[in-house]
Amino acid sequence: MSLTYIPFAFNAMVKPIGPACNLNCSYCYYLEKEKLYKNKGSFRMSDELLAKFIKQYIWVQEVKTIQFVWQGGEPTLLGLEYFKKVVELQKKFADGKRIENSFQTNGTLLDDEWCAFFKKHNFLIGISIDGPRHIHDAHRLYRNGTPSFEKVMNGIMLLQKHKVDFNTLTVIHRQNVRHALEIYNFLKFIGSGFLQFIPIVERSRKIPDAESLTLVGPDEPEAQVTDWSVLPIDFGNFLITVFDEWVRHDVGKVFVSQFDSALANWVGEQPGICVFAKTCGDAVVVEHNGDVYSCDHFVYPEYKLGNITDQTLFGLVKSERQLEFGQNKFTSLPKLCMDCDYRFACNGECPKHRFLKTADGEPGLNYLCAGYKKFFAHIDPYMQFMANELNAKRAPANVMNLARKFR
């Protein structure tokens with residue numbers, strides 16, 4: 001019996017300017033990462049280190065298409081010339097492989113020159129926007145307290161002018177979670193065809209030592225999170241509200257990351273986002289100084305794998321520590337999760353959110369569990385229908401006819 005060989009591949013989210021940003025979003029979990037570094041004024045990946053990273057990232061992977069993901073902070077603060085150099089280095093080290101670039105930005109610094117560059121080199125742009133003006137400007141402000149909505153919208157219009165592909169990333173927090181349809185319809189209106197909804201869940205900063213706490217049960221989930229963190233059932237209801245609109249009108253036209261990943265899990269394929277995968281660990285973070293961390297949500301000293309200036313990227317990604325980190329996503333699930341009817345769809349979601357105890361006192365329950373369980377139960381009949389359509393080689397969009405009958 002022969003084993004199927006799986007080519008080695010992984011993803012690296014690159015932070016070439018570290019946590020530096022021109023905005024000061026009240027819920028941002030990454031701005032505080034500057035505390036990890038002594039030289040707070042020098043958040044810029046050097047040209048030498050940039051070349052070293054690009055060369056290693058391309059050469060070590062055994063796939064024909066290499067996907068770079070540039071994030072921050074705010075990467076446009078590095079200036080356009082920096083990313084012209086990025087493209088030059090990618091061409092230099094491509095070795096016949098196809099190069100793709102994704103670029104996450106708040107959009108406030110985009111201009112015609114940036115957008116022409118993105119179009120020329122086929123960058124996929126992710127725009128961070130939380131909804132219409134009154135929702136977006138509630139949290140996404142400049143450091144002096146002025147709103148950012150107009151600048152973001154100007155950036156989006158420039159992307160559209162230059163015909164640059166873009167998607168949207170929308171943070172769902174306690175204040176905007178009750179505006180599901182307004183947000184969804186707004187994102188469609190501005191031309192986003194691929195929507196990412198990110199639930200904000202942050203442990204309370206009022207508690208000096210979160211690690212020493214006795215975790216509370218699921219009946220009091222808000223007791224240890226910030227007052228802007230979304231509540232579990234509210235987030236479940238948000239997804240349900242958006243799903244009910246999408247499943248009646250937009251299947252095949254608008255793509256929502258949670259819905260796409262759910263369908264993948266219902267048909268037994270790999271989900272498109274890591275939080276719903278059985279294991280993780282193949283999406284590391286490379287910081288501006290070459291430090292490599294296990295995950296974007298685990299940039300803490302105990303999850304630092306090493307630095308690419310003195311270790312290879314391959315060695316860090318394939319290290320025993322990282323492999324254990326990835327496998328632990330599944331092996332650490334409490335019995336309640338293992339016995340859950342929707343474990344196949346959720347897989348415990350992100351380990352970052354697993355800080356509750358079950359009713360039996362077992363640790364590792366996801367803070368968002370109640371919301372996800374409600375959401376998965378609601379979409380189950382539609383997902384089963386779409387899975388059957390796919391298996392019969394018919395269009396999943398046929399579900400819209402079914403959904404409209406039950407409106």
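Helix α2 of this predicted model covers residues 80-93, 14 residues in total, and spans 20 Å from its first C-alpha to its last, close to the 20 Å expected at 1.5 Å a residue. The buried residues of α2 are L80, Y82, F83, V86, V87, L89, Q90 and F93. An α-helix has 3.6 residues a turn, so residues three or four places apart point the same way. Cover for the buried residues of α2 comes from elements including α1 (47-59), β2 (65-70), β3 (98-105) and α3 (112-120). Just after the helix, D95 adopts a positive phi of about 55 degrees.

In the whole structure, 14 salt bridges were found. One of them joins the side chains of K85 and D47, with an N to O distance of 2.7 Å. Because K85 belongs to helix α2 and D47 to helix α1, this pair ties together parts that are 38 residues apart in sequence. K85 counts as partly exposed, since its relative accessibility is 28%, and D47 is likewise partly exposed, at 33%. Both residues also belong to a network of salt bridges that links R44, D47 and K85.

Two further salt bridges involve β3 and α3 residues or their partners. R98 pairs with E100, the closest N and O atoms being 3.0 Å apart. R98 is exposed at 51% relative accessibility, whereas E100 is partly exposed at 28%. The side chains of D112 and K161 meet at 2.9 Å, N to O. This pair links distant parts of the chain, with D112 in helix α3 and K161 in helix α5 (residues 149-161), 49 residues apart. D112 has a relative accessibility of 34% and is therefore partly exposed, while K161 is exposed, with a relative accessible area of 54%.

The search for internal space returned two cavities of 30 Å³ or more. The largest has a volume of about 140 Å³. Its lining comprises 13 residues, of which C337, C340, C346, C369 and K373 are the closest to the centre. Helices α11 (335-338), α12 (343-346) and α13 (369-391) each contribute at least two residues to the lining of the largest cavity, and α13 gives the most, with four. By class, this lining consists of nine nonpolar, two polar and two charged residues.

The second largest cavity holds about 120 Å³ of space. Among its 13 lining residues, C274, C280, G281, C295 and F325 lie nearest the centre. Nine nonpolar, two polar and two charged residues make up the lining of the second largest cavity.

Terms used. Residues numbered from 1 in each chain as written. Predicted model: local features only at pLDDT ≥ 70, side-chain atom pairs only at ≥ 80, totals over all residues. Heavy atoms only, no water. Expected span 1.5 Å × (residues − 1). Buried < 20%, exposed > 50% of the residue type's maximum accessible area, 1.4 Å probe, protein only. Contact = heavy atoms within 4.5 Å. 1 Å grid on protein atoms, 1.4 Å probe; cavity = no way out; pocket = protein on both sides within 12 Å on 5 of 7 lines; lining within 4 Å. Points joined across faces, edges and corners; volume = space filled by probe spheres on them. Nonpolar A, V, L, I, M, F, W, Y, C, P; charged D, E, K, R; others polar. Salt bridge = Lys/Arg side-chain N within 4 Å of Asp/Glu carboxyl O.
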